[in-house]
There are 2 protein chains.
Amino acid sequence: MNAETEKLKLARDEFVAQWGALGSQWGINRTMAQIHALLMTAPEPLTTDEVMEELEISRGNAHSNLKELVAWGLLRSVVKKGERRDFFEAEKDVWQIFTIVARERKRREIEPALAILHKCAEVSEGIETPEGKAFHDQMRALEDFVGFASKMSDRISSMKHGFALQLATKLLG
Amino acid sequence: MNAETEKLKLARDEFVAQWGALGSQWGINRTMAQIHALLMTAPEPLTTDEVMEELEISRGNAHSNLKELVAWGLLRSVVKKGERRDFFEAEKDVWQIFTIVARERKRREIEPALAILHKCAEVSEGIETPEGKAFHDQMRALEDFVGFASKMSDRISSMKHGFALQLATKLLG
DNA sequence: CACGTTTTTCAGTAAATACTGAAAATTAAG
DNA sequence: CTTAATTTTCAGTATTTACTGAAAAACGTG
């Protein structure tokens, strides 16, 4: 292996390791983030066994995290002609990755929050004590804000990359 | 206790419990989210002992999570005249809460990611193999996007609530 | 359908994270 | 300085979450 290939391997290993560590900060588990990093920087789709070997993890672990990533839409499973095994490839387009993550976070974080806030605003409607009014108002304010953020997220996610960029540039200017 | 007060207590307990459960989905621990919910809906600042009693948690637990929330800027510790104990009150303004959370997430999630991406783009600069070029390009694309998102976050967070709302409304219209 | 290959499941275990409770440190007031 | 109130620390423990490895199921081929 020549010097350049060696250098690339080191950089890529670094990326995989660090991206995995970052995953913990986000709600994502380390292995899942590592697999994502590995496949985002893989020239070709990989099999489960290749992922297992590269990251030194068990089959069960590789399998469940690959499935999870496919469920998110961050990976696709592809079939190669004359091959029985599944291959996995990552979505590499940054705007696509962003919209997928935004949509998933909305589903898992925003929508449940909205449901709670709505219910609490509902049941505290019409309580006449000052404390009751304050609670109700606080729930409504939170509900309105989160609902608004949710709509924003949808709008931006459904934009074409170029349009979002143009709009954002205007915002930053 | 009359019917209305009872109803409010139930609604508030529900909110605290559910907000805590949601916390897990985010990277935040359950107790921290519960304390935040409790104080966001408290008519008056509370002491550590009151938080302990309300949530049935230990002193150590209450203490460390209160400190963490103060560090985030989501709680303030206030002194009452003639009282030795610390009281804690929550920031209740939704726009303030949003900017605090956005700033903290940026610091903990975006900035470390940027550092990694920048370093990996750096060290893979100039590798002449196709794989090296592809890796470098991917790192740059990610770095650019994340850097851009970071700037956007700053801009929006530093806006006045009214202005952000107005701008967003235009965006949604 | 029988057999090798690949995927999926899951009970048991390991690792990471959060919590308790009591002791130590700090603070304020006489 | 002494004492009592309060805050902080932290070793030990509990809980949650993630991982392993092997067995079972599903798949595809002759």
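DNA strand C is surrounded by 15 residues, where a residue counts as near if one of its heavy atoms lies within 4 Å of the strand. The closest are H63(A), R84(A), D86(A), T31(B) and S58(B). The model is a predicted one, in which local features need pLDDT of at least 70, side-chain atom pairs count only at pLDDT 80 or more, and totals for chains, interfaces and linings use all residues. Residues are numbered from 1 along each chain as its sequence is written, chains are lettered from A and ligands numbered from 1 in the order in which they are written, and side-chain values use heavy atoms, with hydrogens and water left out.

Of the DNA strand C atoms within 4 Å of the protein, 70% are sugar or phosphate atoms, and the rest belong to bases. By class, the protein surface near the strand comprises one nonpolar, eight polar and six charged residues; Ala, Val, Leu, Ile, Met, Phe, Trp, Tyr, Cys and Pro are taken as nonpolar, Asp, Glu, Lys and Arg as charged, and the others, Gly among them, as polar. Helix α4 (59–72) of chain A and α4 (59–72) of chain B each supply at least two residues of this surface, and α4(A) gives the most, with four. Helices (H or I, at least four residues) and strands (E, at least two) are DSSP runs, numbered from the N terminus.

Polar contacts to the strand (pairs of N or O atoms within 3.5 Å) involve both bases and phosphate. A polar side-chain atom of R84(A) is 2.4 Å from a base nitrogen, and a side-chain N or O atom of R84(B) is 2.9 Å from a base oxygen. At D86(A), a backbone N or O atom lies 2.8 Å from a phosphate oxygen.

In helix α3 (residues 48–55) of chain A, the buried residues (under 20% relative accessible area, 1.4 Å probe, protein chains only) are T48(A), V51(A), M52(A) and L55(A). These residues lie on the same side of α3(A), because they cover an arc of only 100 degrees around the axis, taken from the directions from the helix axis to the C-beta atoms. Their cover, by contact (heavy atoms within 4.5 Å), includes α1 (3–25), α2 (30–40), β1 (46–47), α4 and β3 (86–90) of chain A. Just after α3(A), E56(A) has a positive phi of about 55 degrees.

Chain A also has an open, antiparallel sheet of three strands in the order β1-β3-β2, with pairing defined by at least two DSSP bridges. β1 and β2 (75–79) stand at the edges with a single partner strand each, so one side of each has no neighbour in the sheet. Five bridges join β2(A) to β3(A), and R76(A) has E89(A) of β3(A) as its bridge partner.

Definitions and conventions. Polar contact = N/O pair within 3.5 Å; in protein donor to acceptor, adjacent residues only side chain to side chain. Buried < 20%, exposed > 50% of the residue type's maximum accessible area, 1.4 Å probe, protein only.
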